[in-house]
Amino acid sequence: MPDNDQNKNQSVPRTTTTDAGIPATSDEYSLSVGPDGPLLLQDHYLIQKMAQFNRERVPERVVHAKGSGAFGYFEVTADVTPWTKAAFLNKVGKRTTVLARFSTVAGELGSADTQRDPRGFALKFYTEEGNYDLVGNNTPIFFIRDPSKFADFIHSQKRMPDTDMRSHNAMWDFWSLSPEALHQVAFLMSDRGTPKSYRHMNGYGSHTFMWVNAAGERFWVKYHFKTEQGIQNFTDAEATAMTAQDPDYHRRDLHDAIARNEFPAWRLEMQIMPFEDAANYRFNPFDLTKVWPHSDYPPITIGRLVLDRNPENFFAEIEQASFEPANMVPGIGTSPDKMLLGRLFSYPDAHRHRIGTNYLQLPVNQPQSEVHSYNKDGGMRYRHNGNQPVYAPNSYSGPQADSSLGEASWSTSGELVRSAYTLHAEDNDFIQAGNLYRHILDKTGRDHLVSNIVGHMSQGVERFVQERAVNLWRKVDSNFGERIAQGLGIAAPTTVGDD
Ligand code: NDP
């Protein structure tokens, strides 16, 4: 930051000033009436220090509060112009500056990095067409498929109103009443729920997005950032031990690796579905609780993400960083994924509350392209376009929108309803979780998954909730469910709460 740079390498220290730049007369002593006397209201410097200190914190994020980040670049390694016209992706070899922020989800600002949790994987691409934000996780799926359940889901994961402690009973109560959560819960309870570091995990855009090429052709896409460091996870015991040993373990690992010039990198692979496939795909391709099997849409490598620069000021550049899935550049758009559509609102709304109306004017958030917006004023605004027209249309050469850019759109019709998605032939909440257990995890992975679930469900979860959850695990895979039942001492299948 400029202020730090000014102070570096000064053989004679500069004079302390107030924040208004007025020289201060003491760094140590308040102004008092005699050495033992009362303090004075006119000691503006003291009052400014105390008042400013009281305001040092902005509210922490409700979710993803504990995070770490770094800067770097994204480089295009394959021609993607057949699928998208996004300018930052339009040439092999092109590089775009990126900010990445990794995080846990449920813990607070000071919580331990290594707790079992999904990890946020948020990227901001500073493109020539404005900021493109891809706000993903280290899992390709999520617990729910409708934003109406998001606040309830998070409430079940965070601290309870009476005890102010987290409740495994609440977590399993919600999950066992939400069968769509099982696939993500299986990921979470597997060893991927305790990654060894942020460098050793994949990142996924998770949602289905739209790409549009220069000819206006549309595609549905999924992003997979594959770690070049290799996947490495802690066991449950190792992760638990590390929460005590070094709560900032992941933050330290990321910072120190970059400081050692060991720059972490990820390969970007895309799954690309022709627009027309979606309607009759065997399951709903916009359902965030499901992956697209690789055999259906093989991932195609198109680029590389490298992180090579630590932040200079954590608060200014990481704590105040604001990512919003709604930031999409021409050639990239939304999809009927309801969770994505809900997030388009909730992220910028959270930033306005947490950081302030003009959060996009902070250096870390402002685009590197020019801004010609008719939005004006509001708290802390300092960038403006001078005396240009403040309304559109106008007769005075104000900026004009470019309708030729078009919308990334799809057609739809129907009554206004509150319902699940239109059913596809193979929509099912259990098949993919079962495939993970049966086909992807090796024996050790399966053993750890079972013991992690049994351990987690053994901590204060009521019997009827355990039984309901076990019934769902049996539907995922009968052998898997039986192993969990045995671990919990549940002898035989039960019908309590079975749906
Ligand atoms: P594939 O065999 O083609 O792909 C399975 C993928 O699973 C791998 O490519 C790898 O993806 C991921 N994987 C490997 N080991 C683990 C692990 N220990 N824990 C979690 N994921 C792992 O099969 P499908 O595409 O048909 O998917 C089968 C199941 O695999 C899915 O139901 C899902 O549970 C899981 N999966 C699928 C992904 C997808 O996008 N299709 C992605 C991740 C998991 P990666 O390189 O991304 O880690």
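This is a short tour of the structure above, stop by stop, for following along in a viewer.

**Before you start**

The model is predicted, so local features need pLDDT of at least 70 and side-chain atom pairs count only at pLDDT 80 or more, while totals for chains, interfaces and linings use all residues. Residues are numbered from 1 along each chain as its sequence is written, and side-chain values use heavy atoms, with hydrogens and water left out.

**Stop 1: colour by confidence**

Colour the protein by pLDDT, the predictor's confidence in each residue, from 0 to 100. The average is 95, and 97% of the residues score at least 70. Now select helix α1 (residues 2–7), which has the lowest mean among the elements, 52. Strand β1 (residues 67–76) has the highest, 99. Helices (H or I, at least four residues) and strands (E, at least two) are DSSP runs, numbered from the N terminus.

**Stop 2: the two domains**

Give residues 67–361 one colour for domain 1 and residues 431–488 another for domain 2; these bounds come from an automatic or database domain assignment. The C-alpha centres of the two domains lie 26 Å apart. Their contact (heavy atoms within 4.5 Å) takes 25 residues from domain 1 and 19 from domain 2.

**Stop 3: R101**

Select R101, in strand β2 (residues 95–104). Which side chain of opposite charge is nearest to R101? That is E319, 4.8 Å away; R101 is buried yet has no salt bridge. Here a salt bridge is a side-chain nitrogen of Lys or Arg within 4 Å of a carboxyl oxygen of Asp or Glu. Lys and Arg count as positive and Asp and Glu as negative, with His and the chain ends not counted. Buried means under 20% relative accessible area, exposed over 50%, and partly exposed in between (1.4 Å probe, protein chains only).

Next, show A65: the side chain of R101 reaches its backbone oxygen at 3.1 Å. Leaving aside residues up to four places away in sequence, R101 also touches others, including R61, H64, F121, I318 and F323.

**Stop 4: backbone details in the loops**

Move to N261, in the loop between α7 (249–259) and β8 (265–274). N261 has a positive phi of about 65° although it is not a glycine, and it is exposed, with a relative accessible area of 57%.

Finish in the loop between α10 (338–354) and α11 (431–440), where P393 is found. The peptide bond from A392 to P393 is cis, with omega near 0°. M380 lies in the loop between α10 and α11; its phi is near 65°, a positive value in a residue other than glycine. M380 is exposed, with a relative accessible area of 79%.

How values were computed
Polar contact = N/O pair within 3.5 Å; in protein donor to acceptor, adjacent residues only side chain to side chain.
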